[in-house]
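Work through the exercises below with the sequence and the model open beside you. Try each task before you read its solution.

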Amino acid sequence: HRLLDLLVCPVCKGPLQAHRDHSGRLDELQCPADRLGFAVRDGIPVMLEHEARNLDAEAAAAASPG
């Protein structure tokens with residue numbers, strides 16, 4: 001938990017929010033300012049901008065009638 005407090009968004013240097021899966025395991029760190037999600041693989045955050053998930057694109061796809 002202390003390490004998570006030190007991590008910031010690599011794009012804007014803003015704070016990150018922990019996102020947990022249904023079992024309570026940390027699976028992503030999200031930047032609310034840039035709307036990016038950084039995956040956590042094997043307990044290690046992948047803080048690379050080009051591998052980040054665009055949260056807005058996912059929300060738009062979910063809202064779009066199929």
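**Exercise 1. Accessibility in a salt bridge**

Task: Classify R53 by its relative accessibility, then find its salt-bridge partner and classify that too.

Solution.
- Step 1. Apply the cut-offs: buried is under 20% relative accessible area, exposed is over 50%, and partly exposed lies in between (1.4 Å probe, protein chains only). R53 has 27% relative accessibility, so R53 counts as partly exposed.
- Step 2. Before going on, note the ground rules. This is a predicted model, in which local features need pLDDT of at least 70 and side-chain atom pairs count only at pLDDT 80 or more, while totals for chains, interfaces and linings use all residues. Residues are numbered from 1 along each chain as its sequence is written, and side-chain values use heavy atoms, with hydrogens and water left out.
- Step 3. Look for the partner. A salt bridge is a side-chain nitrogen of Lys or Arg within 4 Å of a carboxyl oxygen of Asp or Glu. R53 makes one with E28, at 2.5 Å from N to O.
- Step 4. Place the pair. E28 sits in strand β2 (residues 26-31) and R53 in strand β5 (residues 53-54). The two are 25 residues apart, and the pair links distant parts of the chain.
- Step 5. Classify the partner. The relative accessible area of E28 is 7%, so E28 is buried.

**Exercise 2. The other salt bridges**

Task: State how many salt bridges the rule gives, and describe those made by R41 and R25.

Solution.
- Step 1. The count is four.
- Step 2. R41 pairs with E51, with 3.0 Å between N and O. R41 is in strand β3 (residues 36-41), and E51 is in the loop between β4 (44-45) and β5. They are 10 residues apart.
- Step 3. Check exposure. R41 has 45% relative accessibility and counts as partly exposed. E51, at 35%, also counts as partly exposed.
- Step 4. R25 pairs with D21, and their closest N and O atoms are 3.9 Å apart. R25 is exposed, at 57% relative accessible area.

**Exercise 3. Cysteines without a bond**

Task: Explain why C9 and C31 do not form a disulfide.

Solution.
- Step 1. Recall the chemistry. A disulfide is a covalent bond between the sulfur atoms of two cysteines.
- Step 2. Set the cut-off. The two sulfur atoms must lie within 2.5 Å.
- Step 3. Compare. The closest cysteine sulfur to that of C9 is in C31, 3.7 Å away, so the pair is too far apart for a bond. The structure holds zero disulfides.
- Step 4. Add the surroundings. C9 is buried, with a relative accessible area of 0%. C31 is buried as well, at 1%.

**Exercise 4. Positive phi**

Task: Find where K13 and D42 lie, and give the phi of each.

Solution.
- Step 1. Start with the rule of thumb. Most residues other than glycine have a negative phi.
- Step 2. K13 has a phi near 65 degrees, a positive value in a residue other than glycine. K13 lies in the loop between α1 (2-6) and β1 (17-20). At 55% relative accessibility, K13 is exposed.
- Step 3. D42 has a phi near 55 degrees, again positive in a non-glycine residue. D42 belongs to the loop between β3 and β4. At 81%, D42 counts as exposed.

**Exercise 5. A buried loop residue**

Task: Is A52 buried or exposed, and which residues does it touch?

Solution.
- Step 1. Locate A52: it is in the loop between β4 and β5.
- Step 2. The relative accessible area of A52 is 18%, so A52 is buried.
- Step 3. List contacts, meaning heavy atoms within 4.5 Å. Leaving out residues up to four places away in sequence, A52 touches L36, G37 and F38.
- Step 4. Compare with D42. A52 and D42 are 10 residues apart in sequence and 16 Å apart in space, C-alpha to C-alpha.

**Exercise 6. The whole chain**

Task: Give the order of helices and strands, then the overall dimensions and burial.

Solution.
- Step 1. Helices (H or I, at least four residues) and strands (E, at least two) are DSSP runs, numbered from the N terminus. The protein has two helices and five strands. Their order along the sequence is α-β-β-β-β-β-α.
- Step 2. The C-alpha atoms fill a box of roughly 40 × 30 × 15 Å along the principal axes.
- Step 3. The protein has 66 residues, of which 23% count as buried.
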